[in-house]
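Let's take a walk through this one together. Have the sequence and the 3D view open side by side.

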Amino acid sequence: MPFYGRPSKNCESCRQRRIKCDRLDPVCSQCKRAGKPCGGYRDVPSLLFRDENDRTARRSAAAKAKSEARRKLLDSSDSSDEGSNISTNGFGPSRLNYVAQPERTRMVMVPTMPAVVPLSLEEQGLRFFFDRFVSAISELDGNAPSGLQTPPFLKAILMQSPLRDATISVGLAAMANVNQDRALSLAAREMYVAAINFVRRAVQNPEQANANQTFHMIVMLSMYEMVCCAPNEIDSWTIHLDGVAALVKQASFSDALRNTNSRPHLQYYFISIIRYFLVQEAMPSELLDWTPERVPGAQPNQAPTIYLVDILIRFMKLHSSIRESPDPDARIAISSALLCEAELEAWEQLLPEKWKFSLKESDDFQHTFNGTRMIYNDAWASRDLNHYFWARLMVNEMVVRHLSRIEMPSLEDLRQRQKALDTISLMATYICAGAASQMGAFPCGLPPIGPTHLPPLNGVFMLMFPLAVAGGAVGAGDEVHEWVLEILRKIGQTMGIRRALEMIPTLKQVRGRKMRELGMVMVK
């Protein structure tokens, strides 16, 4: 690969001495205490996006030769066979065309590609990407929505060659996983390497780079890492967040991004919070300095999202302080967690109408959580609500964990423990019931400002973390755990996201450990 794991941010002296560095600028505390010269810090962007070595170049050349051979084979094959091979997944028919169904009508927001024309390798990758990962919209009253437009992000994919190639790399890699086709995987790797080199050049010349395009390219690189996840590296995709963090510190990038929509900034904060809980490292500096005023161009209707980010960052700080304490006081931890729980409850009660959600029974057991699915009024709100669900679940897990440390719990402690377990169960149900909408089986409502402002991609990539939180929760029940394992298998096998499959053994281990620590019986 063009990079080799997560690069150390420690100063040169601490790396040579193999000791922990607090990375203070300009001189770290270790060097100052020892009276040694601090060797300074490495340039993170150049490490994250450095050029290929000779071995990678040879592999790329071999991939190109194989992809050309496969292209000739595919171009001469029967077009109907190609269409049947990639047009359907486990969550419904292809979304590349207008499809009428008994209970709903679905439209894709991108131009369709005629099935009668043989598809090149690149077209297949792009088609697979749109079919599996692009949002679909629904008009429930039977009339097509007015003003149907291609969102700007999808327009950029179709019009900007570097971003288009990065997108194709994700589509080809996912299709290779589904079909177990090594030739497609090599072709995808070749385009991924090209995307890495494009981002590297952008980092080296920030004044000449397109900040918005570079940001989108890094998103695609992260998606590729999830699709091609190697065993025991389920969090390798987070390395690209270091690249984003380094880029936003550069004035030219930061100024350019401030002129874009605030939505990507908010999603970046959510992803950074998730990354903290995944890798359990030090809190990112950009979150330590967080204030709501840092979100550029925020609209009034985004106030709930900004407030939620603020609550989650404070919960993350609480989690970090407890984790770093050798023997945290159980009562203080419980009290702090309950304050966070009360704030999250109040946040839900103050939500505007478009954020409301409800559970609905369904006869469709294939796509729903045991015949139950979530109804949302707004597509973007459904994404943000998922962050609320997993955060509230984790807050109540913290309450249960520290209550279990009390040797002689009171009746109030036992009541509070049961209340926390009930909340965990409810939040896990919400996450599972909303999974079908996040993966595109059931569309969410249209926002009042029109389909241009819908999420361009479905939520499957960011759904895996909430699913893991729900499936590994101690109060969620065995049926939730088993359902989450099955849905992860389905995501991996039908959508080609290998990370979902690699999460399964880890999730089993995590839940088993939590149950043993809390003295709870695992029912088989």
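Is His387 buried or exposed? Keep in mind that this is a predicted model. With a relative accessible area of 5%, under the 20% cut-off, His387 counts as buried.

Now for the surroundings. His387 sits in helix 17, and its side chain makes a polar contact of 3.0 Å with the side chain of Trp390. If you set aside neighbours within four places in sequence, the residues touching His387 are Gln267, Phe270, Ile274, Leu308 and Leu312. Take Ile274 from that list: 113 residues separate it from His387 in sequence, yet their C-alpha atoms are 9.1 Å apart in space.

Follow Ile274 and you land in helix 13, which covers residues 263-279. At 1.5 Å a residue, its 17 residues should span 24 Å, and the end C-alpha atoms are indeed 24 Å apart, so the expected and modelled spans agree. Helix 13 is also largely enclosed by the rest of the structure, because 14 of its 17 residues are buried. Just past the end of helix 13, look for Gln280, which takes a positive phi of about 55°.

Back to Trp390, the polar partner of His387. Together with Phe389, Leu467 and Ile497, Trp390 has the most contacts inside the largest nonpolar core, a set of 135 residues. Helix 17 (residues 379-403) supplies the largest share of this core, 13 residues. Domain 2 (122-136 + 149-260) and domain 3 (305-523) each put in at least three residues. As a rule, nonpolar side chains in soluble globular proteins tend to be buried together.

Leu467 is a good place to look at the packing up close. Beyond residues up to four places away in sequence, Leu467 touches Ile431, Ala435, Trp483, Val484, Ile487, Leu488 and Ile491. There is also a second, separate core of 5 residues, with Cys14, Cys21, Cys28 and Cys31 among them.

For another helix, try helix 9 (residues 182-204). Its 23 residues reach 33 Å from first C-alpha to last, close to the 33 Å expected. At its start, a side-chain oxygen of Asp181 comes to within 3.0 Å of the backbone nitrogen of Ala183.

Finally, zoom out. The chain has 21 helices and 5 strands, and 55% of its 524 residues count as buried. Of the contacts between residues at least 6 apart in sequence, 75% join residues at least 24 apart. The His387 and Ile274 pair, 113 residues apart, is one long-range example.

Definitions and conventions:
Residues are numbered from 1 along each chain as its sequence is written. This is a predicted model: local features need pLDDT of at least 70, side-chain atom pairs count only at pLDDT 80 or more; totals for chains, interfaces and linings use all residues. Side-chain values use heavy atoms; hydrogens and water are left out. Helices (H or I, at least four residues) and strands (E, at least two) are DSSP runs, numbered from the N terminus. The expected span of a helix is 1.5 Å times one less than its number of residues. A polar contact is a pair of N or O atoms within 3.5 Å; within protein, one must be able to donate a hydrogen and the other to accept it, and residues adjacent in sequence count only if both atoms are side-chain atoms. A nonpolar core is a set of buried Ala, Val, Leu, Ile, Met, Phe, Trp, Tyr and Cys residues joined through side-chain atoms within 4.5 Å. Buried means under 20% relative accessible area, exposed over 50%, partly exposed in between (1.4 Å probe, protein chains only). Domain bounds come from an automatic or database domain assignment. Contact means heavy atoms within 4.5 Å.
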